[in-house]
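Me: Can you walk me through this one? I'd like to start with what the record says and then look at the empty space inside.

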Amino acid sequence: MDGRRWSPVRSGWGRVPRAVTATLPLWLGSRFAVALLSLAAARALSSGPARDAPGLRTLWDRWDVGLFTKVARHGYLSPAYTDRTEVDFPGLPIAIRLAHLVLRDWIFAGLAVSLLAGVVTAAALWRLAADEVGEPDARFAVLSLICFPYAVFLFAAYSEGLFLACATASWLAARRGRWWLAGLLGAGAASARISGIAFGVALVVQYVVSRREQGRSVFARPALALALPPVPVLGYLIYLRARTGGWSSYTDAMRAGWHRWTDWPWSGWAATWSSATNGDGSSAFVWFWRGELLAVVVGVAVTIILLVGRRWGEATFVGVMTAIMACTNYYASGIRGILVAFPLYLLLARAAARRRWVASVYLGICAPVMAVLVIAFTQGQWVD
């Protein structure tokens, strides 16, 4: 008889793409571990009655989570609050509002968005790495993301998770030559963070490089897809212009709410260095400033390594993003910029595939720091 007729029917799990089956248990397991760590730390560090110990919702309703949920609930420039939320791009608030249709609690809706975004990111990152180093070694690319010191922002309702999901999936589509899908996903990335501007430029470079490598004309219909990533940014600026009557609403909000503006990189470095070496400053903030300095150094170093390796598109993304975060009067959110620099994790996977000790050293250093920052964040301490 035909052996195929009697072969076991593929289960539902068996029909799931390999990239998902290879990463979903790891991703969900890491989310459970982070949630458990936050709850355990809250109880270990509390001296009050057990019944007063904070739950998961309270622990993860910290810092910018409140800003994103305010926008999701009330929109921008609402009389319901006074925060200058115009600096937060609309991608995540829109996603939270959609998740709220199912989860009525706004904080849990935001956590669900980050959880699902991570599923996409892990699968796309694994596939990108597997194409280069093989499936067995691709797992470390995902582990390096999960254990990145500031990966706490991939659990919380922050925009990093949504950005990474769109960016990594877009890059995978670009590698496959599916430029319209890449452009559409790139637009999703641009709707989430200002890093999307750098990603849009990187897609253009990757398109030109890939077309030339294939010996095909650059001026072809797929090039029109590269116009998609700027659309959300332009649309958001037009929206703010309609609401406020000016084109500078974003920069005005950054200046008024966070006292930040564009400046020469050396000016920003000097100001941040001063804060990072201030022995009288708050310990949490002093280490925050040091992290910001390190983020710029890492961004420059990774860009140079990628340029040497002739990975022009990836180098463009990391380099332009580093330039954006460095050209301000002081450095901030640069650490989270490095968090979303997915070429870093592909670079680490390639290094670990050649030298096995790289994985052990990275995880041995970064995983404990990540755990400490999860505890700090959920205890209301400033992390970034």
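Me: What domain does UniProt list for residues 91–234?

Reply: The UniProt entry, which is unreviewed, lists "domain: Glycosyltransferase RgtA/B/C/D-like" for residues 91–234. Keep in mind that the model here is predicted.

Me: How much helix and strand is there over residues 91–234?

Reply: That stretch is 72% helix and 0% strand. Its end C-alpha atoms are 13 Å apart.

Me: Ok, pockets. What volume does the largest pocket have?

Reply: About 1,100 Å³. The lining of this pocket is made up of 41 residues, and those closest to the centre are Val-87, Tyr-250, Met-254, Arg-260 and Ser-333.

Me: Which elements give two or more residues to that lining?

Reply: They are α3 (64–74), α9 (195–213), α10 (230–244), α11 (249–258), α13 (283–308), α14 (312–326) and α15 (334–339). The biggest share comes from α11, which gives six residues.

Me: And by class, what is in the lining of the largest pocket?

Reply: There are 25 nonpolar residues, eight polar and eight charged.

Me: What about the second largest pocket, what's its volume?

Reply: The second largest pocket comes to about 760 Å³. It is lined by 27 residues, with Pro-149, Tyr-150, Gly-291, Leu-294 and Leu-373 closest to its centre.

Me: Which elements give two or more residues there?

Reply: For the second largest pocket they are α13, α15, α16 (342–354) and α17 (357–378). Here α13 gives the most, with ten residues.

Me: How many charged residues are in that second lining?

Reply: One. The rest of the lining of the second largest pocket is 24 nonpolar and two polar residues.

Me: Now closed space. How many cavities of 30 Å³ or more does the structure hold?

Reply: One. The largest cavity has a volume of about 40 Å³.

Me: Which residues line the largest cavity?

Reply: Trp-27, Gly-118, Thr-121, Leu-145, Leu-154, Gly-161 and Leu-164 do. Two helices, α5 (106–133) and α7 (159–175), each supply at least two residues of that lining. By class, the cavity lining has four nonpolar residues, three polar and no charged ones.

Me: While we're at α7, there's a serine I wanted to check. Is Ser-170 buried or exposed?

Reply: Ser-170, which sits in helix α7, is buried, because its relative accessible area is 0% and the cut-off for buried is under 20%.

Me: What does Ser-170 touch?

Reply: Leaving out residues up to four places away in sequence, Ser-170 touches Ala-182, Leu-185, Gly-186, Phe-199 and Leu-203.

Me: Different topic, cysteines. How many disulfides does the count come to?

Reply: Zero disulfides. Take Cys-147: the nearest cysteine sulfur belongs to Cys-366 and is 7.9 Å away. A disulfide needs the two sulfur atoms within 2.5 Å, so Cys-147 is in no disulfide.

Me: Is Cys-147 buried or exposed?

Reply: Cys-147 is buried, with a relative accessible area of 11%.

Me: And Cys-166, buried or exposed?

Reply: Cys-166 is also buried, with a relative accessible area of 13%. Both values count as buried because they are under 20%.

Methods. Residues are numbered from 1 along each chain as its sequence is written. This is a predicted model: local features need pLDDT of at least 70, side-chain atom pairs count only at pLDDT 80 or more; totals for chains, interfaces and linings use all residues. Side-chain values use heavy atoms; hydrogens and water are left out. On a 1 Å grid over the protein atoms alone, a cavity is a set of points where a 1.4 Å probe fits but cannot get out, and a pocket is an open set with protein on both sides within 12 Å along at least five of seven lines; lining residues have an atom within 4 Å of a point. Grid points are joined across faces, edges and corners, and a volume is the space filled by probe spheres set on the points. Helices (H or I, at least four residues) and strands (E, at least two) are DSSP runs, numbered from the N terminus. Ala, Val, Leu, Ile, Met, Phe, Trp, Tyr, Cys and Pro count as nonpolar, Asp, Glu, Lys and Arg as charged, and the others, Gly among them, as polar. UniProt positions are given in the numbering used here, feature names are shortened, and annotations may be inferred rather than shown by experiment. Buried means under 20% relative accessible area, exposed over 50%, partly exposed in between (1.4 Å probe, protein chains only). Contact means heavy atoms within 4.5 Å.
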